[in-house]
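Some notes follow for a colleague who is opening this entry for the first time. Please read them with the structure in view.

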Amino acid sequence: MKKILFSLFLFFIAAGLSGQPTDPLVSSCLKTSGPNARYLKDFRIQLGKAASGADMRFKANISLWRNTKYRFTLCNTEDSKGKLILTIKDEADNVVLTSYDQKTGKIYPYVDFICNKSGIYQLNFDFENGQKGSGVGVVSMIR
Amino acid sequence: MKGRSLVVLLIILSVIISCRNSATKKGESSFASADSISFGEAQKLSAEAIADISRNIASPVEIANLLQEMNVPFSPEYLATSIDAGTQKTEFDKALTLGILGADLGYLNMYEKTGSSIDILSSIRKLAEGINVGQFFDFETIKRVSLNKSDLDSLLFLSIDSYTRIDEYLRDNDRGHLSALMIIGVWIEGQYLATQVMNHYPDTLLRDRIGEQKIILNDLLLLASPYCNDYPKFTDLCRNLREIRDKYRDIRITYTLGDPVSVEKDGGLVITQTETSKVDMTAGQLAEIIETSKNIRNKLLVTN
């Protein structure tokens with residue numbers, strides 16, 4: 001009993017002292033961003049099953065600056081029904097990147113974007129085939 | 001008996017930890033009497049629109065990164081060290097200063113001058129508590145990670161996430177005017193940093209980044225506009241922002257078209273944008289922007 005209580009005590013101390021993000025998904029996603037990545041922002045996404053799979057459902061704007069290499073790391077919880085997908089559009093609504101390859105069906109866990117046009121871009125997130133899921137998209141700079 | 005003490009200790013610890021991470025409704029206080037104004041009639045932007053604008057402001061971390069790539073050495077001269085958090089009387093002053101110091105914190109963190117950031121962290125805590133959002137700024141953890149100098153990415157996350165949560169909480173609780181002030185403060189200080197460095201270390205990339213701020217200046221004014229006529233200090237701030245925008249009026253940003261090129265690498269995808277943007281700005285226009293940005297930022301430090 002004492003051992004269990006002592007272990008719990010150590011756990012609470014460790015939880016308080018770690019300095020890691022309290023959301024475990026964000027924490028693990030940050031780690032997968034790599035040592036050269038510098039955190040900028042994250043988007044936490046929780047979606048139910050889509051009624052129709054036509055449009056990506058979670059949208060947010062972000063400014064991206066020329067001569068900067070960004071990394072978009074995509075993570076989802078294990079109980080998500082599909083993987084998290086990101087598509088970025090510019091102000092003219094042109095797709096500048098997508099983490100989903102329509103030809104092969106491959107979904108990439110991260111996308112590096114070498115930005116050469118400063119502007120406001122629209123991030124579009126959804127889960128594969130409009131499935132239900134929880135995930136996070138971490139935006140970092142690569143040095 | 002010892003077992004019982006341990007249980008009690010565990011309960012106390014868990015309460016402390018959970019309280020530290022929880023958002024309470026404590027922050028829903030009204031303005032201090034000194035700047036008590038009604039925002040009820042102000043035409044407010046939607047929470048999503050404000051969130052988008054907040055994300056569009058160039059992060060001071062990105063500006064500091066650019067300075068590092070230019071091999072510009074760190075200088076404490078650019079910091080708003082003259083600010084005394086204890087003398088900020090109104091919520092207006094506290095929120096704006098919170099933004100200014102947030103930008104300074106990003107600069108210090110990127111240069112890993114984390115030992116020097118403790119004073120700024122203390123001021124940020126005081127200001128955050130002053131507008132009843134102290135629960136979102138985990139001072140002790142950020143301080144510890146800063147002093148350890150072990151994990152820059154965690155430090156950046158903790159600092160930026162604290163500000164994001166403060167911003168979200170203010171917007172969600174009808175205190176969008178304070179959120180707007182904080183965001184404007186971040187931008188003004190980031191702009192000051194970029195323009196001051198440009199004065200000492202002229203560089204094409206930095207020059208362009210300064211010119212490219214034209215892209216988000218209208219959004220910044222949009223953010224402030226619902227409150228511009230409601231309170232004298234806000235009116236002055238809006239006038240200042242319009243003054244900077246006017247300096248940008250004749251700057252041109254042009255684009256060349258191109259299709260993105262993608263390559264698979266190490267299990268991920270690398271996309272190079274071939275579309276480009278170009279800034280046309282004369283030396284005179286740049287000089288005016290540098291001067292105006294400095295004057296406005298320094299005036300805010302004095303009046304706050």
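1. Start at the contact between two strands of separate chains. Val111(A) stands opposite Leu269(B), a residue of β3(B). The model is a predicted one.

2. The strands around that point are β6 of chain A, residues 110–115, and β3 of chain B, residues 268–272. They pair in the parallel sense, over 4 bridges.

3. This pair belongs to an open sheet of 6 strands, ordered β1(A)-β8(A)-β3(A)-β6(A)-β3(B)-β2(B). The pairing across the sheet is mixed. At its edges lie β1 (37–47) of chain A and β2 (261–265) of chain B, each of which pairs on one side only. On average, neighbouring strands are turned by 20° against each other, direction ignored.

4. Helix α3 of chain B, residues 60–69, packs on this sheet. The helix touches three strands of chain A, namely β1, β3 (68–76) and β8 (133–142). Its direction makes about 150° with that of β1(A).

5. A further point concerns helix α5 of chain B, residues 118–130. Does its length agree or disagree with its residue count? At 1.5 Å a residue, its 13 residues should span 18 Å, and the end C-alpha atoms are 18 Å apart, so the two agree.

6. Which residues of α5(B) are buried? They are Ile120(B), Leu121(B), Ser123(B), Ile124(B), Leu127(B), Ala128(B) and Gly130(B). These buried residues pack against α4 (91–110), α6 (139–148) and α7 (152–172) of chain B.

7. Just after α5(B) comes Asn132(B), which takes a positive phi of about 60°.

How values were computed: Residues numbered from 1 in each chain as written. Chains lettered and ligands numbered in written order. Predicted model: local features only at pLDDT ≥ 70, side-chain atom pairs only at ≥ 80, totals over all residues. Expected span 1.5 Å × (residues − 1). Buried ≥ 20, exposed ≤ 12 C-beta atoms within 10 Å, placed from the backbone. Contact = placed C-beta atoms within 7 Å. Pairing = 2+ DSSP bridges. Axes fitted to C-alpha atoms, helices over the stretch in contact; angles between N-to-C directions.
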